[in-house]
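Trainee: I should like to learn how to read the features of a structure in an orderly way. May we take one example and work through it together?

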Amino acid sequence: MKLSMSLGAVLLCAAGALAVAQAQSPPGSKVSPAPADEPAPDPDPDDPGPAPDNPEPLPDKVEVPDPSTVTEFSYVDELPKPPDASEIPRPDNQARQASLTGTICMNAHLQNIGWQGWRCQPSGKVDSVGTTGQSRRMEALAVITFGVGGVCAIAHVQGMGWQGWACAGDGGMIAVGTTGQSLRMEALGIGTPGAGLCARAHVAFLGWLGWTCPPAGFAGFVGTTGQNRRMEALDVVLQ
């Protein structure tokens, strides 16, 4: 008898709970049992989260050093071979000399790829290196210029912060960042003594950031600092 009464009480309570749930549900809806607890998906280990409201600012335009006073290659141990002459734009018409007042060649060292290969463009055309849509960090950047008096660059690297300047005159190669250490470049400063330059960076989970266009003799800064975000691609235009 006691067992029957207990079972009846349980059934009565269950029916009452169902009636309350149905009364609180919108018309026409069905009450379903709560889903079993499922573990939350693992977060992307490279995702630093949304950009902060007050991100650490990049330096404003900074005067580039005299290329003849800076000779070291920073922390890049594995330098690429210089570009072949066929990769450097050299028109055969009367505008040849004018066009040579601005040519830039860049080569990016990428995660799981290594040196990507030289990309060269004359003034007014976008020179692009890196990748987008592949979640691949840029680890180092090599640069050569012609007709603009040389080039200087400085990189902000994971766990290191800002490295020292790397500079070279026309036809000389510089390289910033690291190779063989699996460290992401997070920001870059780049400029030439003899030409204006515009640059922008593609950054993890933010995409393409805005252009910065310092005048001749100054470096523009792209990317982010203080956010643990990898640079993935870079666009540069000589003016």
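Trainee: In what order do the strands of the open sheet stand, and is their pairing parallel or antiparallel?

Mentor: Please bear in mind throughout that this is a predicted model. To read a sheet, one follows which strand pairs with which. Here 4 strands form an open sheet, arranged in the order S5-S15-S12-S13, and the pairing is antiparallel.

Trainee: Which strands are the edge strands of this sheet?

Mentor: An edge strand is recognised by its pairing on one side only. In this sheet the edges are strand S5, residues 127–130, and strand S13, residues 207–208.

Trainee: How many bridges join S5 to strand S15?

Mentor: There are 4 bridges between S5 and S15, the latter covering residues 231–238, and the two strands run antiparallel. For a particular position, look at Asp127, which stands opposite Val236 in S15.

Trainee: How many helices and strands does the chain have?

Mentor: The chain contains 2 helices and 15 strands. Contacts and burial add to that picture. Among contacts in the chain with a separation of 6 or more, 69% are between residues 24 or more positions apart. Of the 239 residues in the chain, 42% are buried.

Trainee: What is the accessible surface of the chain, and what share belongs to carbon and sulfur atoms?

Mentor: The accessible surface is about 13,000 Å², and carbon and sulfur atoms account for 54% of it.

Trainee: Let us turn to the cysteines. How many disulfides does a search of the whole structure find?

Mentor: The search finds 3 disulfides. A useful way to describe such a set is to number the bonded cysteines in sequence order; for this chain the pairing then reads 1-2, 3-4, 5-6.

Trainee: Which residue does Cys105 form a disulfide with, and how far apart are their sulfur atoms?

Mentor: The partner of Cys105 is Cys120, with the sulfur atoms 2.1 Å apart. This pair links distant parts of the chain, 15 residues apart: Cys105 is in strand S2 (residues 103–110) and Cys120 is in strand S4 (residues 119–122). The angle about the S-S bond is 115°, and the link is right-handed.

Trainee: Why does Cys105 count as buried?

Mentor: The term applies to a relative accessible area under 20%. Cys105 counts as buried because its relative accessibility is 0%. Cys120 is buried as well, at 11%.

Trainee: What parts does the disulfide of Cys152 and Cys167 tie together?

Mentor: The sulfur atoms of Cys152 and Cys167 are 2.1 Å apart. Cys152 lies in strand S7 (residues 151–157) and Cys167 in strand S9 (residues 166–168), so the disulfide ties together parts that are 15 residues apart in sequence. The link is right-handed, with 120° about the S-S bond, and both cysteines are buried.

Trainee: Which residue does a disulfide join to Cys198?

Mentor: Cys198 is joined to Cys213, with an S to S distance of 2.1 Å. Cys198 is in strand S12 (residues 197–203), whereas Cys213 is in the loop between S13 and strand S14 (218–223), 15 residues apart. This link is right-handed, with 120° about the S-S bond.

Trainee: Does Cys213 count as buried or partly exposed, and why?

Mentor: Cys213 counts as partly exposed because its relative accessibility is 48%. Its partner Cys198 is buried, with a relative accessible area of 10%. S12, which holds Cys198, is also one of the strands in the open sheet.

How values were computed. Residues are numbered from 1 along each chain as its sequence is written. This is a predicted model: local features need pLDDT of at least 70, side-chain atom pairs count only at pLDDT 80 or more; totals for chains, interfaces and linings use all residues. Side-chain values use heavy atoms; hydrogens and water are left out. Two strands pair if DSSP finds at least two bridges between them. Buried means under 20% relative accessible area, exposed over 50%, partly exposed in between (1.4 Å probe, protein chains only). Contact means heavy atoms within 4.5 Å. Accessible areas come from the Shrake-Rupley method with a 1.4 Å probe; for residues, only the protein chains shown count as cover. A disulfide is a pair of cysteine sulfur atoms within 2.5 Å.
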